[in-house]
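The following exercises concern strand pairing, a nonpolar core and contacts. Please study the sequence and the structure before working through each solution.

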Amino acid sequence: MSSPLTRFKAAVADATSNEARRDFIYKALGGYYVSRDKNKNNFRDWQKARECAAQTKYESLNNLAEELEIFSKKIEGRGGHVFFASTPSEAREYILKVARDNGVKKIIKSKCMTSEEIHLNDALEAAGTEVVESDLGEFIQQLRKEPPFHFVFPCMHVKRDEINTLFQENIHSRDTNNPAELTMIAREYLRQKYIDADMGITGANFIVARDGMISVTENEGNSRLSAAMPKIHLVLVGIEKVVPRLEDLALFLPMLATAGAGQPLTGYNTQYAGPRTAENPDGPEQFHVVLLDNNRTQLLADAEHRDALHCMRCGACLNVCPVFKNIGGLSYGTTYQGPIGSLITPHLRGTKNWQHLSYSSSLCGACTQACPVKIDIHDHLLENRRNAATLAPSILWKMIFFGFNFIFAHPKLYALTFKIAKKINPLTKLAGKVPGTLLYGWTGTRKLPEPPKSSFRERFAEHKKQDLSVR
Amino acid sequence: MACVKILERLGHKVVFPERQTCCGQPPHNTGYWKEARKSALRALDIFEDAEVIVGPSGSCIAMMKDGYGDLFKGTEHETRAKALAAKTFEFTQFLVNKLGVTDLGAAFPHKVTFHDGCHGLRMLKAKHESRALLAKVKGLELVEMSEAESCCGFGGTFSVKFPKISTAMVEKKVASILETGAEYVTSLDASCLMNIGGYAAREGLPFKTIHIAEILASQEA
C-alpha cells in the first residue's frame, strides 16, 4: 500500500485542479465569517472568553485522571457503565460485546468523530449489524461511502444536485433540488430507523466531570432521537473532552456554536447522566460511556503540545485555513482534517508517517488566531517539523542548510554569491524549467524575478561614500 | 534603499553592519533548528551594540522578535535574544509607533491594494501602521481586497515542498487583487511580493508589486 505522503500528494493534485470545487468551498464559508463575527459580539469580550476557556481546559487536563474518576463514579452510581479504552480495538470490542450481549441488530448513530477514529461502522457492519448515520451530513457521506470532508460540516463539498442523485439512487426518492425537500426526504427515511434501532450511539462534545454528565451539541435533533428512542444509549468520547463543572458549559456552549458554526447557540444542547431508574423513569434501559485514549495520554505527557488537547472540535481552524479551503478535507487522509488534524495526527499516529502534514502549511497562523481555546496551532506545526527533523533529518535539507550556513557565515562569500548568481541567472532560469527539481516547485507556476543591477550592500556602500564626499 | 532614504530624511543615522546576512528563518521554518541557531547566533553578536534595529520585512523581524525566543529558550543566550527582540522593529511599526510619524511627504498617484503578510499581521500585529502611512501619501488610492489577510501561499520551503497547495493559494490571492482593479499591490514583505509577482508575471496579469517603503519614499515628479 502506498504511503500516507504519496496518497496525500495525489489527493492534493486532484483537489487543487478542481477549481469549481475550490470556489464552492470558498463561497460556502463566506457566510460563516459574517455570522461568526456577528455572534462574537454577543460576548462581552471575545478575547477574555478565549482566555477563560483555555484556562478551564488547562485546569481540566491537569487533573484529567481525577476528573475522569469522579465522572465514572457518578455515572456508575446511577447505574450506568463506563469503560476506559486504551486502544481503538479495545473500544470496538467493548461496543461489539454490548451489541452481542443484547442481541442488537440495528444501530442508529448520531455524529461522532471518535467513531470515525476507530472505524467503528466497519467493525459493526462486519459483525452483521446495520448502522445508520442520522446526522444529515453524515448520512449523506455514508451513502457516498466517503469519510467526512470536515469534522463539523461532513458534506460541505457536496452540491445539492449531487444529493438529489444520491438520494434517488440509494433511497429511491423523488427528483428534487430543493434543500428543504431533500431534508424532508432524509427525515422521512430516518424516522423508521430510530424506531427500529436496538441501540443508539452518540458522541459527546463535553464530559461534565464533577456532575457526571455528557453534553451533546447538535442542530438537527437527531442526536436526541438516537439517544432517546433505543433501549441502549452508548456514548463514545475521547478522554480530553472534559470540563469540570456544569456551569462551564455557560461559556463553552455558546463559544462552540459561535466559533464552529457562526451561531449564537446550536439548536439543541442536551446533557445525559445515566439510565432510567425507579425514581427517574426517563432515559434508556442501559447507558454506556466508552472513554477513548488512543494515544491522547501520550500527547498529555508532552508538555509543549499538551494544549492541543484543549480542542473541542469546533472546526474554526479549518474554516479559516487556506490550505484546507484549497485541498479539502478528504486529501488529509486523517480523521481530523485541517490545522488541528495536522498538529495532532503525528502525535496520535506517529511522526514518521504523518510529518508531511506539519510541512503542508505556510504557517500563516490564521488557525491560531481563530482557535477559541487558544491552541498555539501554527507554532506547534513548526515544532512538529523540528521533532521530525530531529528524529530523521533529511540529507538533502541538511546539505542545503549546511551550504546556507557556510555562505551566510562569510559575508564576503555571500556578496560574491550575489555576483555569481547574477552571472549565472540564465542558467538558474533554465534549471527552473526542469520538472522534478526542488526549484521547479516554485518556478513551475511562477516566474523568478530579474536580479537587481546591484545589491543593497553595494548601493549602501556607494551611498555612504557620496555622503562622506558631500561632507 | 527606500528605507535608508526615509530614515535619513527623518534625521536618523543608518548603519548597515556588513557582516549581517540571513536571520536564519529558512532552516527554522523547515524544522532544522540546530542550523537556524547558527545564523541566529551571528545576528545576536552582530546587532549586540545597535541602539535600534529596523528591518523592512515583517517576516525577518518576526523571526528575530519571536523565532529567536523559541530557538534560545532555556539556553545561555535567552536573555540576549530577549534584549534583541525588544529593540527590533518592523519598518512601518518603527515609523508609526516608535517615531510617531505618519506623513512622510510622499506622493504616489496610483490605485494600490495592500497584502497583509502573515508574519507582520499575526505575529507583529502590524495592520493599522501601513494604513496610517498610506493614507498620508498624496494621490494614492487604497482599495482593500477581500482576501487581504489571507496567506499568499509562499511560506518559504513550503512552496517548493508542496507547490500545488502553494500555487492554489497564490491563485486565490491574485484573484482577490484583480477584483480591486489596483495597479499595484504592496506589502511589508518582499518575499510575499516575489511570490505574488512571480505568479502575476507568469500569467501576464495587469498589476505590479512594490514594497511599501518604495511607495513611502516616492516623491512628486
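**Exercise 1: Strand pairing in chain A**

In β3(A), A:Glu133 is the bridge partner of A:Lys109. The model is predicted: local features need pLDDT of at least 70, side-chain atom pairs count only at pLDDT 80 or more, and totals for chains, interfaces and linings use all residues. Residues are numbered from 1 along each chain as its sequence is written, while chains are lettered from A and ligands numbered from 1 in the order in which they are written.

Task: State how many bridges join β2(A) to β4(A), and how many join strand β2 to strand β3 of chain A.

Solution. Step 1: recall that strands are DSSP runs (E, at least two residues) and helices are runs of H or I (at least four residues), numbered from the N terminus. Two strands pair if DSSP finds at least two bridges between them.

Step 2: strand β2 (residues 106-109) of chain A runs parallel to strand β3 (residues 130-133) of chain A, with four bridges.

Step 3: β2(A) is also joined to strand β4 (residues 199-202) of chain A by three bridges, again in parallel. In β4(A), A:Gly200 is the bridge partner of A:Ile108.

**Exercise 2: The largest nonpolar core**

Task: Identify which residues of the largest nonpolar core touch the most other members.

Solution. Step 1: a nonpolar core is a set of buried Ala, Val, Leu, Ile, Met, Phe, Trp, Tyr and Cys residues joined through C-beta atoms within 7 Å. Buried means that 20 or more other C-beta atoms lie within 10 Å of the residue's own, with C-beta atoms placed from the backbone.

Step 2: the largest core has 168 residues, and A:Ile214 and A:Val290 touch the most other members. Helix α4 (residues 58-72) of chain B gives the largest share of this core, eight residues.

Step 3: not counting residues up to four places away in sequence, A:Ile214 touches several residues, including A:Phe206, A:Val235 and A:Tyr272.

**Exercise 3: Contacts of chain B**

Task: Determine how many residues each chain gives to the contact between chains A and B, and how many each domain of chain B gives to the contact between the domains.

Solution. Step 1: residues are in contact if their C-beta atoms, placed from the backbone, lie within 7 Å. Chain B gives 45 residues and chain A gives 43 residues.

Step 2: chain B comprises domain 1 (2-96) and domain 2 (111-217), with bounds from an automatic or database domain assignment. Their centres, taken over C-alpha atoms, are 23 Å apart.

Step 3: domain 1 of chain B gives 22 residues to the contact, and domain 2 of chain B gives 22 residues. On the side of domain 1 of chain B that touches domain 2 of chain B, α4(B) gives the most, with six residues.

How values were computed:
Contact = placed C-beta atoms within 7 Å. Buried ≥ 20, exposed ≤ 12 C-beta atoms within 10 Å, placed from the backbone.
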